[in-house]
Amino acid sequence: MSGDHSHNEDQVDGGSRFSDSHKHHKDKFKKEHKQKDLRKEKERDKSKHGNSDHKDFSDKKHKDKEKMKHKDGSTDKYKDKYKEKRKEEKIKSFDYKVKLEKENGFASPLHMKLEPDEDSYHCPKNAKTLKRERDDDNDYEFKPKKIKTENEKKAKKRKLDENIKAVKTKNKKGDVADGKKKAKKEQEEKWKWWEEERYTDGVKWKFLEHKGPVFAPPYEPLPSNVKFYYDGKAFMLSAGAEEVATFFAKMLDHEYTTKDVFRKNFFKDWRKEMTSEEKAKITDLKKCDFSEMHQYFKAQSEARKAMSKEEKLKIKEENERLLQQYGFCIMDNHKERIANFRIEPPGLFRGRGDHPKMGMLKRRIRPQDIIINCSKDSKYPEPPPGTKWKEVRHDNKVTWLVSWTENIQGSIKYIMLNPSSRIKGEKDWQKYETARRLKKCVDRIRNQYREDWKSKEMRIRQRAVALYFIDKLALRAGNEKEEGETADTVGCCSLRVEHIKLYPEIDGQEYVVEFDFLGKDSIRYYNKVPVEKRVFKNLQLFMENKEPDDDLFDRLNTSILNKHLQELMDGLTAKVFRTYNASITLQAQLKELTSGTSLHDTTLHCRAVIKGPPEENIPAKILSYNRANRAVAILCNHQRAPPKTFEKSMQNLQTKIDAKKAQLSAAKRELKSAKADAKVRRDEKSKKAVEAKKKAVQRIDDQLMKLEVQATDREENKQIALGTSKLNYLDPRISVAWCKKWGIPVEKIYNKTQREKFAWAIDMADDDYEF
DNA sequence: GAGGACACTTAGCAAGATGCGT
DNA sequence: ACGCATCTTGCTAAGTGTCCTC
């Protein structure tokens with residue numbers, strides 16, 4: 001470890017030196033050793049899972065001030081080469097990165113009902129603010145122009161509609177029979193919030209009323225015949241200790257109950273819940289035998305599965321009742337669906353990846369932990385009898401209804417509205433509008449950061465290279481995280497030297513950077529990308545005289561980067577690049593893949609795309625869409641574990657294909673003989689027989705094609721999750737426009753939940769929409 | 001400018017619901 | 001009608017980014 005540090009300038013022109021305090025290094029050293037065992041375990045674990053040959057990452061970070069040499073003498077002659085490169089890049093990653101399966105359908109909660117239910121909400125006089133002022137802060141295109149002029153009319157009309165609705169609700173009572181009709185009507189009456197003006201000044205609502213959260217069911221003690229054993233002897237636990245023990249017992253099948261960190265954290269927290277006698281007696285987790293408890297829970301879940309239809313229905317009805325009672329709120333005259341009205345039940349914390357806090361006890365949340373947010377003039381939610389809320393506040397500058405502080409990280413959890421709600425939808429729409437604004441100035445910004453690669457100042461170069469990664473590779477910003485509190489993951493700004501490797505030349509390509517790090521959710525990011533020479537030289541510079549666990553961009557953090565971005569464009573942050581690049585990629589890929597010619601992709605022997613005019617072929621179109629979606633998912637590194645049943649289901653599909661093929665050749669033979677027959681007989685009957693056979697062949701051929709498309713799609717999708725990008729990064733108007741253009745029903749692309757979330761886009765996008 | 005509190009979006013997994021072939 | 005595969009939904013962790021204080 002080098003401690004030879006002295007200078008402190010921010011210029012890129014001197015000899016490269018680090019200035020780092022020795023103390024800092026010593027601490028680092030100690031910590032590193034402490035971490036070693038942990039890491040070894042990580043490794044083992046990883047190889048067990050077979051998902052990573054990932055190298056040993058250190059947990060340490062630090063900031064160094066150094067003096068660096070400007071040794072980048074390269075000239076830049078890329079002009080519009082850049083665009084091509086990007087394109088190549090994308091195709092590349094498509095090739096080498098993992099292939100995939102079918103869409104995994106991410107979603108959000110159920111449909112929402114607009115009609116208030118019987119025990120109708122108390123609605124205050126001043127809650128009728130229908131018309132809102134325009135938000136002046138941004139987004140010229142946020143609102144379709146015509147709406148501005150029509151707004152008043154619409155608002156009035158809506159008011160009228162609502163009155164009608166209110167009347168309807170009254171004579172609703174018990175008419176279960178025409179539920180279908182009603183559902184239809186509801187659809188027609190869906191509130192088009194996107195045709196209204198938005199609030200100004202951060203006001204999120206004027207009126208908010210809800211019923212509060214649903215608490216986790218209380219703990220039910222185990223029957224007395226289910227025993228816990230310590231050191232081979234039955235041991236009666238106190239209720240508190242028993243509850244925590246059951247959390248562990250339930251997880252016994254999971255591999256992580258064998259992990260040291262998990263066990264240690266669990267045992268420590270468990271002991272806190274024990275009585276002093278228990279504490280004295282139970283001192284070694286290894287001597288604890290939870291197997292009887294485990295068996296009991298297993299049996300219970302079996303029993304649940306084997307329940308009669310009536311019992312299942314009963315549970316369903318109860319859930320529905322809860323949903324109706326607690327699952328909705330009134331926000332500004334509209335009944336809106338709440339996303340997560342249930343409080344998270346207690347249990348053992350299991351973070352993602354190698355989380356230092358795995359196994360800790362996640363406390364039960366009580367009413368006195370809960371903060372309620374609602375209108376002053378609303379009917380406040382009641383705390384359960386004999387309890388009190390921690391606080392009831394009336395903050396209409398925020399969107400949450402309920403919050404509490406969680407005990408593992410000390411972070412705040414919220415109950416908020418469903419994605420189909422106005423408040424979420426508006427924000428979502430706005431997000432895409434910001435990304436569209438970026439589209440207009442992205443060339444300027446790209447030119448700018450290229451210029452900055454040559455800057456005299458180290459911090460500017462670092463900023464420019466980081467931004468290049470964020471733009472080109474859709475990396476996340478990479479906020480700093482508190483060490484030891486979470487799994488060791490990074491994003492762009494927090495990349496460390498150990499996360500990249502530089503190859504001046506490899507596999508016939510120049511200036512290749514190999515990325516290998518764990519990103520959000522400890523998902524591995526691995527990519528080998530050729531970069532521009534100047535970037536490469538800069539990276540060499542940044543890495544000079546650094547330890548593997550030093551920050552690659554030691555003069556940069558997300559706040560600096562975002563401040564810079566803010567200056568380049570109003571509302572621009574690192575995250576916007578991900579949205580922009582995802583959406584623009586989808587649009588480009590859809591154009592390319594759907595046009596017909598480019599579908600003759602020889603690497604993907606798919607007859608479907610080769611054969612016939614695309615407009616006649618919906619499955620092929622959907623495949624094209626999924627591929628475009630997939631390109632984005634790959635760009636954003638949205639991975640998933642291959643489904644457990646993948647191999648099997650692939651086999652099943654192949655069996656089906658084989659069977660279909662056999663069927664096809666049989667049908668063809670029959671056709672042939674029918675033809676021969678017709679030639680000899682020359683009568684109507686045999687002619688007809690030929691026609692029938694022809695049709696049969698055609699039909700079977702179509703079926704076969706469909707199966708093959710399905711197989712291709714699924715294979716390609718094996719380890720790619722399409723849902724995340726679909727739900728969070730792709731401007732839904734692109735998809736809607738594509739559907740309209742090619743006559744594909746939107747239902748083929750978006751399921752019900754997704755259609756609800758994207759109702760605004762489905763309503764407003766025409767077939768010529770351009771992102 | 002560092003650090004923490006806060007609000008809100010993005011993320012993958014798995015349980016539960018649905019659908020499909022037999 | 002049943003059993004399995006797939007799709008949907010719920011769950012909640014883990015990010016981003018802003019604002020405030022010192």
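Which of the 28 residues around DNA strand B come nearest? The points below answer this and then turn to the chain as a whole.

1. Basis of the model. This is a predicted model in which local features need pLDDT of at least 70 and side-chain atom pairs count only at pLDDT 80 or more, while totals for chains, interfaces and linings use all residues. Residues are numbered from 1 along each chain as its sequence is written, chains are lettered from A and ligands numbered from 1 in the order in which they are written, and side-chain values use heavy atoms, with hydrogens and water left out.

2. Residues at the DNA. K424, R476, K520, R578 and Y729 come nearest to DNA strand B, out of the 28 residues around the strand. A residue counts as near a molecule or strand if one of its heavy atoms lies within 4 Å of it. Seen from the nucleic acid, 79% of the atoms of DNA strand B within 4 Å of the protein belong to sugar or phosphate, and the rest belong to bases.

3. Composition of the surface near the DNA. The residues of this surface divide into 13 charged, nine nonpolar and six polar. In this classification, Asp, Glu, Lys and Arg are charged; Ala, Val, Leu, Ile, Met, Phe, Trp, Tyr, Cys and Pro are nonpolar; the others, Gly among them, are polar.

4. Phosphate contacts. Three side chains may be listed with their distances to a phosphate oxygen of DNA strand B. For R476, an N or O atom of the side chain is 2.7 Å away; for K431, the corresponding distance is 2.8 Å; for Y729, a polar side-chain atom lies 2.9 Å from a phosphate oxygen. A polar contact is a pair of N or O atoms within 3.5 Å; within protein, one must be able to donate a hydrogen and the other to accept it, and residues adjacent in sequence count only if both atoms are side-chain atoms.

5. Elements that supply the surface. At least two residues of the surface near DNA strand B come from each of β14 (412–415), α10 (422–452), α14 (574–594) and α19 (723–728). The largest share, three residues, is that of α10. Helices (H or I, at least four residues) and strands (E, at least two) are DSSP runs, numbered from the N terminus.

6. K424. This residue is found in helix α10 and is one of those that come nearest to DNA strand B. K424 counts as partly exposed because its relative accessibility is 29%, where buried means under 20% relative accessible area, exposed over 50% and partly exposed in between (1.4 Å probe, protein chains only). Leaving aside neighbours within four places in sequence, K424 is in contact (heavy atoms within 4.5 Å) with M416, L417, N418 and P419. K424 and N617 are 193 residues apart in sequence, and their C-alpha atoms are 35 Å apart in space.

7. Q589. Helix α14 also holds Q589. Q589 is buried, because its relative accessible area is 14%. Not counting residues up to four places away in sequence, Q589 touches T594, A628 and A631.

8. Backbone in the β16–β17 loop. D521 is found in the loop between β16 (509–518) and β17 (524–530), and S522 also has its place in the loop between β16 and β17. Phi of D521 is near 60 degrees, a positive value in a residue other than glycine; S522, also not a glycine, has a positive phi of about 55 degrees. D521 is partly exposed, with a relative accessible area of 37%, whereas S522 counts as buried at 17%.

9. Two exposed positions. A306 lies in the loop between α8 (291–305) and α9 (309–326) and is exposed, with a relative accessible area of 64%. D260 lies in helix α6 (residues 260–273) and is exposed at 52%. The C-alpha atoms of D260 and D488, 228 residues apart along the chain, are separated by 17 Å. For A306 and P548, 242 residues apart in sequence, the C-alpha to C-alpha distance is 55 Å.

10. Overall architecture. Chain A has 22 helices and 17 strands, and 49% of its 771 residues count as buried. Its domains are domain 1 (210–215 + 311–423), domain 2 (228–307), domain 3 (425–572) and domain 4 (583–764), with bounds from an automatic or database domain assignment. The centres of domain 1 and domain 4, taken over C-alpha atoms, are separated by 42 Å. Among contacts between residues at least 6 apart in sequence, 76% join residues at least 24 apart.
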